[in-house]
Amino acid sequence: MVGRKYMLPASLLISALSSLLGILPLIFIWLIIREFLSPATVTSQALIGTYAWWAAGTAIAGIGIYFLALTISHLAAFRVEVEMRRQAMKKIVSFPLGFFDNNTCGRIRKIIDDNASTTHSFLAHQMPDLAASIV
């Protein structure tokens with residue numbers, strides 16, 4: 001379990017790297033346009049081809065790395081969600097029986113499931129997107 005606590009920070013760093021790779025194709029496209037608009041009479045077709053391949057490669061790499069970040073963040077979020085449900089059930093078992101007269105089991109289960117799912121959604125989807133947005 002010790003090695004798994006670094007999953008979420010690792011996914012945030014990988015998502016930030018993916019964001020940087022997502023910017024690189026735009027830079028390469030700008031370099032291609034600059035090459036076309038340069039005052040030189042001869043444009044280097046080899047250089048334009050190289051820039052185009054780099055633009056495609058960095059775009060594909062950015063998507064792949066973002067997929068990896070989401071995979072890692074989902075693994076971390078599932079673990080947090082399961083642990084939240086487990087801890088909630090341990091607490092509920094220790095409540096006095098009078099608590100269950102006022103609160104139905106379905107209502108308690110719905111509260112636990114909804115909040116655990118909301119936490120999962122935040123950790124698995126919004127945190128990596130937030131890291132990429134900051135970059």
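**Note on the salt bridges of the model**

1. K110 is exposed, its relative accessible area being 52% in this predicted model. Its partner D114 is partly exposed, at 39%. The two residues lie four apart in helix α4, about one turn of the helix, and their side chains form a salt bridge with an N to O distance of 2.7 Å.

2. A network should also be noted: E81, R85, R109 and D113 are joined into one by salt bridges that share partners.

3. Within that network, the side chains of R109 and D113 form a salt bridge, at 3.6 Å from N to O. Because R109 and D113 are four residues apart in helix α4 (residues 105-134), about one helical turn separates them. R109 counts as exposed, with 57% relative accessibility.

4. A further pair is found in helix α2. The side chains of R86 and E83 meet in a salt bridge, with 3.0 Å between N and O. These residues stand three apart in helix α2 (residues 45-93), so R86 and E83 are separated by about one helical turn.

5. How accessible is R86, buried, exposed or partly exposed? R86 counts as partly exposed, with a relative accessibility of 44%. E83 is likewise partly exposed, its relative accessible area being 32%.

6. As to the total, the count comes to five salt bridges, with a side-chain nitrogen of Lys or Arg required within 4 Å of a carboxyl oxygen of Asp or Glu. In general, side chains of opposite charge can pair when their charged atoms come close.

Technical notes
Residues are numbered from 1 along each chain as its sequence is written. This is a predicted model: local features need pLDDT of at least 70, side-chain atom pairs count only at pLDDT 80 or more; totals for chains, interfaces and linings use all residues. Side-chain values use heavy atoms; hydrogens and water are left out. Buried means under 20% relative accessible area, exposed over 50%, partly exposed in between (1.4 Å probe, protein chains only).
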